Amino acid sequence: MLVAPFASQLPFVEETLHSSYQALQWGKNIFAIAHKTLSARLLNTIFPTEERTQPLSPELQAWLKERYEALLQQDWQDAAAGFYPAPLLFDAPWEEFLRFYPLLLLDLPQMWQRARSRQFQEFAKNVRLEDYPPYYRQNFHYQTDGYLSETSANLYDVQVELLFGGTADAMRRRVIAPIAQHFGAHPATPPLRILDVACGTGRTLKQLRYAFPAAVLFGLDLSPAYLRKANALLATQAGALPQLIQGNAESLPYVDSYFSAITCVFLFHELPAPVRQQVIHECARVLQPGGIFVICDSIQALDSPEQRPMMENFANLFHEPFYRSYIEDDLNIRLEKAGLVVKEVQHHFMSKYWVVVKPA
């Protein structure tokens, strides 16, 4: 674990940093709200349609604000505790955002038209769909080319930041503290190997790299375009590059009991139920006895029924064919079927976390 970065600083310096962090996050949140509001009005002007979302009650809006503020506070506290370096709190991809946000705006009419006509299997002619499982051949979120083009990979982080009001990285960072705490209490035999399943553009791997500089990192994803994007991102950091492999999490290309820790961020809601179980079994297979598995994904209706309208809105606005199944799926049971032990379930803003260990 790192030394607490604020321990030696004067109180007013810490307060200044805290205020700066809060200002950064609220600034991103305000921009995301403005983007959503203006794009919704433009959509209704260009493609007037029936209302597809439910209004959020004042109570639900208050709950969202409370959870948002709690997430920011937890993010700050984890950095202060030394689970990751303080600069990660300010690691916003401004250059990427400024470069690709205009392209996102230009792509919106295509996404709206696709949503309006319920077309969700449109891909560029050079994409070899037969290389991918049927459930993956989707324009998830109605985005152009699904997850199978350079354009999609370039726009993904911008889209996710806007969707979550600038908190995507803060929610990803919640997987770090459970891993640090686990190995603080149960030191692993070196080398510490960490696998990020469905690593996408590499944002989670980048943060794990700062938090565990001595670890050997691995990433696996189905999309070659997203892996190229991840490689470009991770190449900007000092040290050995994580080992990135194109592969299907239903059949992980690793030997049994190889990894000390596994992370999986925002994957399970995009999988059919039987595939969720298979991926969990594979993660259990390649995890070392005594190792830790941390899952981050969407909140679920089964334990937050009062938030169901918000989840229904998400399913109605975005093409997420397996989301309604996911929000009712008890992953605790699936994890136990794979021989894993659920130590803790956490909730942070819009995400739910399973902290799981493999019995020694």
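This section describes the internal cavities, one buried serine and one kinked helix of a predicted model.

Rolling a probe the size of a water molecule over the atoms shows where empty space is left. A search of the whole structure gave four cavities of 30 Å³ or more. The largest cavity holds about 430 Å³ of space. Its lining is made up of 30 residues, of which Ala 198, Gly 200, Asp 221, Phe 266 and Leu 267 are the closest to the centre. Two strands and two helices each give two or more residues to this lining: strand E1 (193-197), helix H7 (203-211), strand E2 (216-221) and helix H9 (273-286). By class, 18 of the lining residues are nonpolar, six are polar and six are charged.

The second largest cavity has a volume of about 60 Å³. It is lined by 14 residues, and those closest to its centre are Gln 25, Lys 28, Asp 91, Asp 169 and Arg 173. Helix H1 (11-46) and helix H5 (168-172) are the elements that give two or more residues to the lining of this cavity. The largest share, three residues, comes from H1. Seven residues of the lining are nonpolar, two are polar and five are charged.

Ser 260 is part of strand E4, which covers residues 259-265. Ser 260 counts as buried because its relative accessibility is 0%, and the cut-off for a buried residue is under 20%. Leaving aside residues up to four places away in sequence, Ser 260 touches Phe 183, Ala 188, Pro 191, Leu 192, Arg 193, Leu 287, Gln 288, Gly 291 and Ile 292.

Helix H4 is formed by residues 150-163. From its first C-alpha to its last, this helix of 14 residues reaches 20 Å, close to the 20 Å expected at 1.5 Å a residue. H4 nevertheless contains a kink of about 35°, centred on Tyr 156. The helix is mostly covered, with ten of its 14 residues buried. Tyr 156, at the centre of the kink, is one of the buried residues. The others are Ser 152, Ala 153, Leu 155, Asp 157, Val 158, Gln 159, Val 160, Glu 161 and Leu 162. Just after H4, Gly 165 takes a positive phi of about 60°.

Notes: Residues numbered from 1 in each chain as written. Predicted model: local features only at pLDDT ≥ 70, side-chain atom pairs only at ≥ 80, totals over all residues. Heavy atoms only, no water. 1 Å grid on protein atoms, 1.4 Å probe; cavity = no way out; pocket = protein on both sides within 12 Å on 5 of 7 lines; lining within 4 Å. Points joined across faces, edges and corners; volume = space filled by probe spheres on them. Helix = DSSP H or I, 4+ residues; strand = E, 2+ residues; numbered from the N terminus. Nonpolar A, V, L, I, M, F, W, Y, C, P; charged D, E, K, R; others polar. Buried < 20%, exposed > 50% of the residue type's maximum accessible area, 1.4 Å probe, protein only. Contact = heavy atoms within 4.5 Å. Expected span 1.5 Å × (residues − 1). Bend = angle between axes of the 7 residues up to and from the residue.
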